[in-house]
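Here's a quick briefing to read alongside the coordinates. Have the fold open as you go through the bullets.

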Amino acid sequence: MFSKFKSMFQDRCPECEQKLVSHYDHMTLTKHCPDHHYTEETYNQLGVTIVYRPNRNNE
Ligand SMILES: [Zn+2]
């Protein structure tokens with residue numbers, strides 16, 4: 001159960017396994033792959049997370 005829960009919070013790029021780079025500002029937490037395979041934006045005040053995976057369309 002805990003491992004399933006933990007998988008919701010990505011710390012590594014699903015494409016290349018590199019550690020994601022985190023950036024905080026007053027409204028947003030952004031995590032992205034150094035090679036831009038994956039980007040995750042969390043808007044704390046809205047409770048919304050947006051995930052960009054540009055290569056996902058190729059599957
Ligand atoms: Zn990557």
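Reading from the N terminus, the elements of the chain run α-β-β-β-β, which comes to one helix and four strands. Keep in mind that this is a predicted model. Of the 59 residues in the chain, 7% count as buried. As for contacts between residues at least 6 apart in sequence, 10% join residues at least 24 apart.

**The sheet**

- The four strands make an open sheet, ordered β1-β2-β3-β4, and the pairing is antiparallel.
- β1 (21-24) and β4 (48-52) sit at the edges with a single partner strand each, so one side of each has no neighbour in the sheet.
- Going from one strand to the next, the twist averages 15 degrees.

**How the strands pair**

- β1 and β2 are joined by a hairpin through three residues, and the two strands pair in the antiparallel sense over four bridges.
- Looking for a landmark in that pairing, you can take Ser22, whose bridge partner in β2 is Lys31.
- β2 (residues 28-32) also pairs with β3 (residues 39-43), again in the antiparallel sense, this time over five bridges.
- Two positions help you register β2 against β3: Thr28 stands opposite Tyr43, and Thr30 stands opposite Glu41.

**The β2-β3 hairpin and His36**

- Six residues lie between the strands in the hairpin of β2 and β3, and His36 in that hairpin takes a positive phi near 65 degrees.
- So what's worth a look about the phi of His36? The value is positive in a residue other than glycine.
- His36 lies in the loop between β2 and β3.
- Is His36 buried or exposed? His36 has 12 other C-beta atoms within 10 Å, and since 12 or fewer counts as exposed, His36 falls in that class.

**The loop between α1 and β1**

- Two residues to pick out here are Glu15, which lies in the loop between α1 (2-6) and β1, and Glu17, which is found in the loop between α1 and β1.
- Glu17 has a positive phi as well, near 70 degrees, and Glu17 is a residue other than glycine.
- With 9 other C-beta atoms within 10 Å, Glu17 is exposed.
- Glu15 is partly exposed, because its count of other C-beta atoms within 10 Å is 15, in between the 12 or fewer of an exposed residue and the 20 or more of a buried one.
- Which residues does Glu15 touch, not counting those up to four places away in sequence? They are Cys33, His37, Tyr38 and Asn55.
- One of those partners, His37, is 22 residues from Glu15 in sequence, while the C-alpha atoms of the pair are 6.4 Å apart in space.
- Cys33 turns up again with Glu17: the two are 16 residues apart along the chain, with their C-alpha atoms separated by 8.7 Å.

**Thr49 on the β4 edge**

- Thr49 is found in strand β4, one of the edge strands with a single partner.
- What does Thr49 contact, leaving aside its neighbours within four places in sequence? Thr49 is in contact with Glu40, Glu41 and Thr42.
- Glu41 is a handy link back to the pairing bullets, as Thr30 stands opposite Glu41 in β3.
- Thr49 is 21 residues from Thr28 in sequence, and C-alpha to C-alpha the two are 9.5 Å apart in space.
- Thr49 has 14 other C-beta atoms within 10 Å, which means partly exposed, since that count lies in between the limits of 12 or fewer for exposed and 20 or more for buried.

Methods:
Residues numbered from 1 in each chain as written. Predicted model: local features only at pLDDT ≥ 70, side-chain atom pairs only at ≥ 80, totals over all residues. Pairing = 2+ DSSP bridges. Axes fitted to C-alpha atoms, helices over the stretch in contact; angles between N-to-C directions. Contact = placed C-beta atoms within 7 Å.
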